[in-house]
Amino acid sequence: MAESIRITTPFTEEMSRKLKAGDSVLITGTIISARDAAHKAMTEALARGEKLPVDWTNQIVYYLGPTPAKPGDPIGSCGPTTSGRMDAYTPTMLDQGIKGMVGKGSRAPEVVESMKKNGATYFAAVGGAAALIAKSVKSYTVLAYPELGPEAVAALEVVDFPAIVVIDCEGNNFYEIGQKPFRHFDMSQI
Amino acid sequence: MRELDVKVITENVAEMCKEAAYYLPEDVYNGLRRGRETEKSEVGKIVLDQIIRNAEIARAEDRPYCQDTGMTIFFVKLGQDLHIVGGNFTEAINAGIAKGYTEGYLRKSVVAEPLFNRVNTKNNTPGVIYTEIVPGDRLEITIAPKGFGSENKSGVKMLVPADGVRGVKKAVMEIILHASMNPCPPMVVGVGIGGTMDRAALLSKKALTRSIDERNPMPEYAKLEEELLELINSTGIGPQLGGTTSALAVNVEWGPTHIAGLPVAVTICCHAMRHSHRIL
């Protein structure tokens, strides 16, 4: 694997379009956490014609619900959650200007279509590497929905946050590319 | 008759919740290291390095290994000659969960009602408690916190006797292929065969409390475990981004069933296969 590409936020469509599935990146700057309950609340707010509590233009969203911070720490353990649960809300959220998503696992075809249209990139962080990932987070500030606890929308200041481009804005999918050389399984052989 | 105060149960459960969240069991850690040695994908090696380093940081610094510190599952063996005193047994266990998850800075991930009004209980209670009455005067508690990235990919298939071994293998592999990279592999796969639909599911959970280095005592099932592991590791799923280390082990448990049935349940566990065990 080649050297990691350094990314500094804000993350623009121009930056997004340069990345290819399989690229290893280190993200520095601000990323914003949101998961199931926050996505539901935001898409419902949009449906009512309300303004969102956060400007998502050129932002990277991180699908995350951290553990509480121990005293003196900025954040607790903070690995990615399964992105697929956000799929129903994602095309709407990408239309709000999000250009990067960090999570884990596969995405629905509608999400990939919306990524192509909006020039957005989907990154994976290593699922379950939550104590390690916490080392790259310098601060955690709740921006909206504090009542959701670990599901609140929050700004994370990160330095060299490690991730891999899984689906690029042309729709190339590294989950498929990465599995193929090692797939010898054939159900009809059982 | 031996007596055990509920306060002792609460204190022990609180400590066990923290232990399980911070310290990956040695057998799983060693399994990950063996996987790293044999992994053929370059990206897979990088992912396994991060996972192994994560286990070391969590252990050294008393930090949750994963931010999903799970719904807390209990397998309790209650000796029939033990008298629990000083309060309610179930409440004592739940008080231990609340204490452990709060004191240990673990995430509270339980909602009180699943469909209409999903409000977080804010202390990770209630746990899922399975109690078995056994001879003796001891209380044996195993806790297995379960994250839902992998739980959501688990499943049950109701086969018929004619499906046989081949049917069981296909049923397991259908669930694994559907799960693919989503349940945070390398996985540990628990398989329950027999019983009723619910018993098979319970057996598949219990299977995950066994060490990944220990095979089923019955040779036919031990062989099935090894064959299933080989099949899963030939899918290419690998450690999340493709490779050869898709699973560390397959543990099968079986139980008596009906003449017309062959239930098969699969519980997928992520690499965070967390446990704590104590005898009081």
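**Strand E7 of chain A, and the contact with chain B**

In chain A, strand E5, residues 121–124, pairs with strand E7 in the antiparallel sense, over three bridges. One position to find on your screen is A:Tyr122, which stands opposite A:Ile167 in E7(A). Please keep in mind that this is a predicted model.

Let me stay with E7(A). This strand covers residues 153–167. Is E7(A) mostly covered or mostly open? Mostly covered: 11 of its 15 residues are buried.

E5(A) has been dealt with, so on to other partners. Strand E2 of chain A, residues 24–33, is paired with E7(A) through nine bridges, in the antiparallel sense. Here A:Ser33 stands opposite A:Ala154 of E7(A). Then there is strand E6 of chain A, residues 137–144. How many bridges join E6(A) to E7(A)? Six, and the sense is again antiparallel. In E6(A) and E7(A), look for A:Ala144, which stands opposite A:Val153.

A general point for anyone new to strands: in a regular strand, side chains alternate between the two faces of the sheet.

Now the other topic, chain B. On the chain A side, 38 residues are in contact with 46 residues of chain B. Which elements of chain A give two or more residues to that side? They are two helices, H5 at 130–134 and H6 at 174–179. H6(A) gives the most, with four residues. As for the kinds of residue on the side of chain A that touches chain B, 18 are nonpolar, 16 are polar and four are charged.

To recap the strand part: E7(A) pairs with E2(A) over nine bridges, with E6(A) over six and with E5(A) over three. That is what I have.

Technical notes. Residues numbered from 1 in each chain as written. Chains lettered and ligands numbered in written order. Predicted model: local features only at pLDDT ≥ 70, side-chain atom pairs only at ≥ 80, totals over all residues. Contact = placed C-beta atoms within 7 Å. Nonpolar A, V, L, I, M, F, W, Y, C, P; charged D, E, K, R; others polar. Buried ≥ 20, exposed ≤ 12 C-beta atoms within 10 Å, placed from the backbone. Pairing = 2+ DSSP bridges.
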